[in-house]
Amino acid sequence: MYGCYDIPLNLTEAGIEIKVERDQTGKTTYGRSGILGEVSKTIVSRENPKVVICPVEPVNLPKRITRYLMIELDKEVLLGPKDEGTIDTGFPVEIGVFIAKRDKYSLIDVFSFTKQKFSLYGGVRDGIICRYWRSGPNLNKDKLVEGHLRLQVKNDTSDWIEIRKVVLDASEMKIVYSEDEVYSEAEMKILSRKVGEVRFRKPANGGTESIKLLKEMVVTAHQSKFIMEDGFK
Amino acid sequence: MISSERVFGNVTIGDVLFVTITLLLSVIVAKMLTIRVRRSLKDKIERENLEILNKVIYYGVILFAFSLTLPRLGINPSSLLLAGGILGIIIGFASKSVVGNFISGMFLILERPMRIGDSISIDDVSGIVEDVRILSTVVRSYDGSCVRIPNEKVFNSVLTNYTSVARRFDYRIGISYSDDAEKARKVILEVLEDHPFVLGDPAPQIFVDSLGDSSVEISIRIWAPSQVWFDVKRELLWKIKKALDENGIEIPFPQLDVKLKD
């Protein structure tokens, strides 16, 4: 499903049909139908645009209320003092459909085959709402459903640390996709029993880079890392 | 020359004109400065803090310009300290409520029990805080009307701030005594788990709360993100009702069994 397409486009996959047509007057119509409901849009463009379908940061559905993603690991990971390692886990996939003209992209649709759920990290007064995803080492192989997140963890403390939850700022997420998988990478530095720095990094794996949807949310004073201050469990 | 004519003491019309023009210029400069500050810091500072900063800049510029013009009016700024003290006492007696509101406003700005955009309730006024001014607080009530509350009243009243990241709401649903409460609990939990905005953590609570006259009362406590909590509250009750109906669980009407003796 992922890729860059010319119009007209008629794509049927995983129970949904995407149709993009252009009539003689230059009016382009976009339609999606199938198991995820129906969406229809009209696009006005003098030139013939292209359609790009790719995974996007998974915080848009059913409505964008947060930019944070919480991943709960199926099995708790115990990290030794001053130790480091890699945790392979997953993240929910949301699929964006963009209309592209030269280097300018505009989102026309976003959908997902995953169940959306949200959770609170921290206190009711000063915590943050996160898109919640529970994932284990055995990832869902369907790249339309779950992406692969490689998390490099480093324990700077002299204690054993148990990690169950990771909270990430999705506006910094860098997603790549290929024939085999949807992939992203992040690193986590544990500073104390309850505090850690988490940030996405540029994926080492090759693949096509996804279009960033959340870049407009990034403000000048924005931090590139998220500080987890309420623990990892 | 008219400008050298004395108005009072050594103050000439020229001095009065100079002071007036300086004050007018200071207002214009203060306005321009606050517009510039607002534009450049809009994305970097919270709206509430930006408004406070703008007010400080605005009144600071005017006050500074005014203090510079004082010698032209024949007033020594240092003598104002003493005069200010006496004046303060006079103003304090003359305008008790204004001073009261002003001081309360200062304390509200320092204590910050609410921020612009917060959902609050003060006495019988509920709504969204639009502005915290020096003398009053402006609240946009939920029916769209604008309510100005004197700061003294805000400061002395019980203020409930509903603003938080997540908000809880409760339902109480009665099921028939002949139905299985555990089954009802599972049906309700499924509905809650299916809804994306019912938070997984804090988890919803469903429990038998009391045994009523006509029904077994089940309490449901749900947390939802503040931005959408009312939509969630509106949607869920009917979904729960439908799910209970589909599973054959009855929500009984109040009933009274009357037994007649022969």
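Pro62(A) sits in the loop that links strand 6 (50–56) to strand 7 (68–79) of chain A. The bond leading into this proline is worth a look: Leu61(A) and Pro62(A) are joined by a cis peptide bond, with omega at about -5°. Keep in mind that this is a predicted model.

Chain B has a cis peptide bond of its own, between Asp201(B) and Pro202(B), where omega is about 0°. Pro202(B) also belongs to a loop, the one running between helix 6 (181–194) and strand 9 (205–211) of chain B.

Loops hold some unusual backbone angles too. Take Lys82(A), in the loop between strand 7 and strand 8 (84–92) of chain A. Its phi is positive, about 55°, even though Lys82(A) is not a glycine. Is Lys82(A) buried or exposed? Lys82(A) counts as exposed, because it has just 11 C-beta neighbours inside 10 Å and the cut-off for exposed is 12 or fewer.

Over in chain B, Asp123(B) lies in the loop between strand 3 (119–122) and strand 4 (125–132). This residue isn't a glycine either, yet its phi is positive at about 50°. Asp123(B) is exposed, with 11 other C-beta atoms within 10 Å.

Here are these backbone features side by side:

| Residue or bond | Backbone angle | Feature |
|---|---|---|
| Leu61(A)–Pro62(A) | omega about -5° | cis peptide bond |
| Asp201(B)–Pro202(B) | omega about 0° | cis peptide bond |
| Lys82(A) | phi about 55° | positive phi, not a glycine |
| Asp123(B) | phi about 50° | positive phi, not a glycine |

Now for chain A as a whole. It has 19 strands and 0 helices. Along the principal axes, its C-alpha atoms fill a box of roughly 70 × 35 × 30 Å. The radius of gyration is 19 Å, which agrees with the value near 17 Å for a compact globule of 233 residues. Some 36% of those 233 residues count as buried. Among contacts in chain A with a separation of 6 or more, 71% are between residues 24 or more positions apart.

One pair of strands is easy to pick out. Strand 9 (residues 94–101) and strand 10 (residues 104–111) of chain A run antiparallel and pair over 7 bridges. They form a hairpin with 2 residues between them, and Arg102(A) in that turn has a positive phi of about 55°. Within the pairing, Ile95(A) stands opposite Phe111(A) in strand 10 of chain A. As a reminder when you look at such strands, side chains in a regular strand alternate between the two faces of the sheet.

How far can you trust the prediction? The mean pLDDT of chain A is 89, and 95% of its residues reach 70 or more. In chain A, confidence is highest in strand 11 (residues 118–121), at 96, and lowest in strand 19 (residues 226–228), at a mean of 85. Residues 216–222 of chain A are another matter: pLDDT there is below 50, and the stretch has 8 contacts in the model beyond near neighbours in sequence.

What about the partner chain? At the interface, 16 residues of chain A are in contact with 15 residues of chain B. On the chain A side, strand 11 and strand 12 (128–135) each supply at least two of the touching residues. That side divides into 10 nonpolar, 4 polar and 2 charged residues.

Chain B itself is split into domain 1 (2–94), domain 2 (105–161) and domain 3 (166–246). The C-alpha centres of domain 2 and domain 3 of chain B lie 33 Å apart.

Methods. Residues are numbered from 1 along each chain as its sequence is written. Chains are lettered from A and ligands numbered from 1 in the order in which they are written. This is a predicted model: local features need pLDDT of at least 70, side-chain atom pairs count only at pLDDT 80 or more; totals for chains, interfaces and linings use all residues. Helices (H or I, at least four residues) and strands (E, at least two) are DSSP runs, numbered from the N terminus. The radius of gyration is taken over C-alpha atoms; the globule rule is 2.2 Å times the number of residues to the power 0.38. A residue is buried if 20 or more other C-beta atoms lie within 10 Å of its own, exposed if 12 or fewer, and partly exposed in between; C-beta atoms are placed from the backbone. Two residues are in contact if their C-beta atoms, placed from the backbone, lie within 7 Å. Domain bounds come from an automatic or database domain assignment. pLDDT is the predictor's confidence in each residue, from 0 to 100. Two strands pair if DSSP finds at least two bridges between them. Ala, Val, Leu, Ile, Met, Phe, Trp, Tyr, Cys and Pro count as nonpolar, Asp, Glu, Lys and Arg as charged, and the others, Gly among them, as polar.
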